[in-house]
Amino acid sequence: MDTGILILRLLVGLLVAGHGVQKVSRHLGGKGLEGGTEEFRGDGFRGGALTALAAGGGQIGSGLLLAAGFLTPLAATGTIGVMTVALTVKWRHGLWVQNDGYEYPLVLIGTAAALAATGPGAWSLDAVLGLMPYQLWWAALVLVAGLGSGLLTRLVLHRTPAAPAIAER
């Protein structure tokens, strides 16, 4: 079981971190901070470069912590938070990724929640430092905090479209 959890942590954690690197740099196929800024503006978010830096930094940090199995509840909360924002952006396209849907963020949210429920396994920094075992209630707390932070971020930073002006007669 520990081998499976290790593989899952490394795969998901490094993918989330890599996704964050793309938002803030030209590494891993990213378009630099300018590209990350434009992506958020195009998706209707305010904040420009600061929003891209916060999202990218959140993904890098939570992804690396998840991969290392260090402070796993915090790492899972961060992953769920940033992926909840991504899910809200893709929601209008439906579930499936081939239609630019929210399938991928949903899988990452579910995986992070599962890792919060199981703990990071024996081959993790949490285990080495004696921060285990995790209780099942961690998963509920992590899920609520992650979803809540993502939805709050969406609420605070997303611009609402302006209502069409009614032509005066």
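This passage describes the largest pocket, one helix pair and two buried residues of a predicted model.

Residues are numbered from 1 along each chain as its sequence is written. In this predicted model, local features need pLDDT of at least 70 and side-chain atom pairs count only at pLDDT 80 or more, while totals for chains, interfaces and linings use all residues; side-chain values use heavy atoms, with hydrogens and water left out.

The largest pocket holds about 550 Å³ of space. Its lining has 26 residues, and the closest to the pocket centre are His-19, Lys-23, Glu-39, Gln-59 and Ala-86. A pocket is an open set of points, on a 1 Å grid over the protein atoms alone, where a 1.4 Å probe fits, with protein on both sides within 12 Å along at least five of seven lines; lining residues have an atom within 4 Å of a point. Volume is the space filled by probe spheres set on the points, which are joined across faces, edges and corners.

At least two lining residues come from each of α1 (2-24), α2 (32-42), α3 (48-68), α4 (72-90), α5 (103-118) and α7 (137-157). Helices are DSSP runs (H or I, at least four residues), numbered from the N terminus. The most is given by α4, with seven residues. By class, the lining has 13 nonpolar, eight polar and five charged residues. Here Ala, Val, Leu, Ile, Met, Phe, Trp, Tyr, Cys and Pro count as nonpolar, Asp, Glu, Lys and Arg as charged, and the others, Gly among them, as polar.

Helices α5 and α7 pack at an angle of about 145°, with axes 7 Å apart. Axes are lines fitted to C-alpha atoms over the stretch in contact, and angles run from 0 to 180 degrees between N-to-C directions. From α5, Ile-109, Ala-113, Ala-116 and Ala-117 make the contact (heavy atoms within 4.5 Å). Their partners in α7 are Trp-138, Ala-139, Val-142 and Leu-143. The contact of α5 with α7 has eight nonpolar residues, no polar and no charged.

Thr-37 lies in α2. Thr-37 counts as buried (under 20% relative accessible area, 1.4 Å probe, protein chains only), because its relative accessibility is 7%. Beyond residues up to four places away in sequence, Thr-37 touches Gly-48, Ala-49 and Ala-52.

Gly-30 sits in the loop between α1 and α2. Gly-30 is also buried, at a relative accessible area of 13%. Outside its neighbours within four places in sequence, Gly-30 is in contact with Gln-22 and Ser-25. Gly-20 is 10 residues from Gly-30 in sequence, and their C-alpha atoms are 9.1 Å apart.

Definitions and conventions:
Buried means under 20% relative accessible area, exposed over 50%, partly exposed in between (1.4 Å probe, protein chains only).
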